[in-house]
Amino acid sequence: MSLIPPSARALLMAALFCATSPLASAQTKSTSATTRPAAGAAANAQQALLANEAKIDQLLRQLTLEEKIAMIHANSAFAAGGIKRLGIPEVMTSDGPHGVRPEQGRDWKGVKDANDAGTYLPTGNTLASTWNPALGYAFGSVLGSEAAFRGKDIILGPGINIIRTPLNGRNFEYLSEDPYLISKMVVGYIKGVQDQGVSACVKHYAANNQEEHRNDVDVYMSERALRELYLPGFKAAVQEGGVHTLMGSYNKFRGTYATHNAYLMNQVLKGEWGFNGLVISDWGSVHDTQEALRNGTDLEMGTDLSLMYGSVDQTAGGGNSTASLYDRFFLANAALDAVKKDKSLEPLLDDKVRRILRVMYKTNMLDGAKRKAGAYNTPEHQATARKVAEEGIVLLKNEGNFLPLKKTTKTFAVIGANATRENAMGGGSSQVKAKYEITPLQGLQKALGSQAKITYAPGYTIARGQKADAQLIQQAVAAAKAADVAIIVGGSTHGYDYSKWSDNAYDAEGFDKPDMKMPFGQDELIQAVLKANPNTVVVLMGGGPIDVSAWAGQAKGIVEAWYPGMEGGTALARVLFGDVNPSGKLPMTFPVKLEDSPAHKLGEYPSTAGNPLKQTYKEDVFVGYRYFDTYKVAPQFAFGHGLSYTTFEYGKLTVKPGTQSATVTLSVRNTGKVAGAEVVQLYVHDEQASVKRPEKELKAFEKVFLKPGEAKTVTLTLGPDAFRYYDEAKKQWVLEPGKFSLLVGSSSRDIRQQGEVKL
Ligand code: BGC
């Protein structure tokens, strides 16, 4: 008989199963060598885990049934549990992915708190565009540190759903259309947060790829698409990132709500992947007590039932209309009744409480003295926000080296309502009250000082349905004509205000975009300005692809700036004037028009056969560039695309085959006059497969920083996963022997060198 209690034994197995090197995201030799945990440290970690399990066993013996139930549901908008008698604190959560949200108050009323304005980091797709996992870690560290300072235990991010349609209102929070890029960025982010003593919460698991009908849409997809595209980011978060908590999504998956979906939660997440952390519901995503008890939901979060369900349902949860709001949650009174009636449910309840306590021990919640204090609004945090923006801004087009602009230019016209708009409070739950936010216009003014004259014209009005405004266009044209250079800052927009979301939000939670067009009559504006002054650069802000086909051919310079955070204006000016050499690369394809994008081409968005409550992902594994490259559809801007002010030369590849692996080595040289960084991307193409596979798939990358004339050797390692596909009949990953082409390039459509390997 083992001396280790059964629960602890299960945990030990899970811990061993999940053990991977901390910064597994990094591709470089140096990082993998330095981060392999020493055997001694690993043994100590195992011992600490076992000691925690023993303490949890002890607490479980002391907790009454009622107290256990009190721990598994919210007691106010962002807090849960708390058993004073035993010194168990409440769990304090907060959004969100790119900053600590302003205080909402216990009853969701919002509070006036002068001290909740913090660091506003760039949004998820800006971070992903850096293709720099080390920045993922830096980003997470800022977030974790500010969350710790604000007394939060769990920060509700990162959001990593696959960008399937350009219309998803929440794409700005997410990272990419590619599961490999997501996996590499998410691991650093999570470790960054958790190294500050705060838990990350990866969300929204799973298949939450649209906002329209997010509460009731039922998603169907092949097992292969699920395994190859929609799950790998979550798997990496669990097995490589060691994420402490995960959020179940609102939507249904194959007929059952994702949050209490036995397949997703019990079989895949907790079973196959060995996740021993905490599953939190999205706010109001639980719909059934029995399913939640049995199918893996550990903690039901939510808020005012009238917000969640449209009206207060007196029969929801406990069905007791005299009970308090939170007692009527599905995992409150109703769960208590259920467990009292059916004792076989008690071990399931214990497991939920165990998972909550595990997270508490991992972050020293039961021993406040050991918690990190965190830091708030430090210059270092602001510098990280700026660095991510600088590396995330993408130079899409630069005809005749129009950019960088010269500071010696005498007059600039800055045009566009986005040039003066602050975005921190936009978008929904990821809103941040920023300590300050440098808008594009302010960034340009600061960069130029009194050196040049800047005139500003808004050019358009932000309001949904707003058509081109002739007067504003005329004003903008006059300003552009009178200036040496015009800088248009346009694109999409965030909503600020819950009551106005549907009016002006194009990148916001709860809504998808109506189309992919430039809103508010910007096509007319941009065409008129380009005609008035060809020396014009167009800067796009927004959470993803937008249709620029009406004028992209005429514009000399196009820059994608996303929502670049509190230092966004500074970063943008530094990129435009060449103080920073752009190195961002698109983490998603920009189609020419919406109909080119696979889900839309197949008529699968926003409904299946006219039923908006059903989504069948007919495009299967052909999402993003996997579709565009396989079916030879030319994109406006390709996945992985991003220009630089210098040029890079790719040397020939050396391929060293392993048993089920390969190592690719090449030299990359900066052949231009300024320092710069290149993201060297390695795509794999399966030459002969028994299933239809995408033309190419990203399987490794490395960002190299090079001085003018400097060359570096890049080593990219491909393990067995780089060659496998998911075999639905065998229900497993399969590596089919044969020849694989190895394509190395500067984007998915700019392959510079090629090699092959036979496995
Ligand atoms: C969102 C989550 C968020 C939660 C709490 C939900 O509506 O989907 O991403 O963390 O609210 O604000």
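A residue counts as buried under 20% relative accessible area, as exposed over 50%, and as partly exposed in between. Keep that scale in mind for glutamate 422, which we will meet at the end of this tour. Welcome to a predicted model, in which we will look at an open sheet of six strands and the helices beside it.

**The sheet**
- Reading across the open sheet, the six strands come in the order E10-E15-E14-E13-E11-E12, and their pairing is mixed.
- At the edges sit strand E10 (394-398) and strand E12 (453-457), each of which pairs on one side only.
- On average, neighbouring strands of this sheet are turned by 20° against each other, direction ignored.

**A closer look at E11 and E12**
- Strand E11 (residues 411-415) and E12 run parallel, joined by five bridges.
- Phenylalanine 412 has isoleucine 454 in E12 as its bridge partner.

**Helices on the sheet**
- Helix H17 (residues 470-482) packs on the sheet, where it touches E11, E12 and strand E13 (485-491).
- The direction of H17 makes about 160° with that of E11.
- Helix H20 (residues 568-576) lies across E13, strand E14 (536-541) and strand E15 (557-560).
- Relative to E14, helix H20 runs at about 145°.

**Glutamate 422**
- You will find glutamate 422 in the loop between E11 and helix H16 (440-448).
- Its relative accessible area is 42%, so glutamate 422 is partly exposed.
- Glutamate 422 and alanine 128 are separated by 294 residues in sequence, and their C-alpha atoms are 21 Å apart in space.

Methods
Residues are numbered from 1 along each chain as its sequence is written. This is a predicted model: local features need pLDDT of at least 70, side-chain atom pairs count only at pLDDT 80 or more; totals for chains, interfaces and linings use all residues. Side-chain values use heavy atoms; hydrogens and water are left out. Two strands pair if DSSP finds at least two bridges between them. Helices (H or I, at least four residues) and strands (E, at least two) are DSSP runs, numbered from the N terminus. Axes are lines fitted to C-alpha atoms, for helices over the stretch in contact, and angles run from 0 to 180 degrees between N-to-C directions. Contact means heavy atoms within 4.5 Å. Buried means under 20% relative accessible area, exposed over 50%, partly exposed in between (1.4 Å probe, protein chains only).
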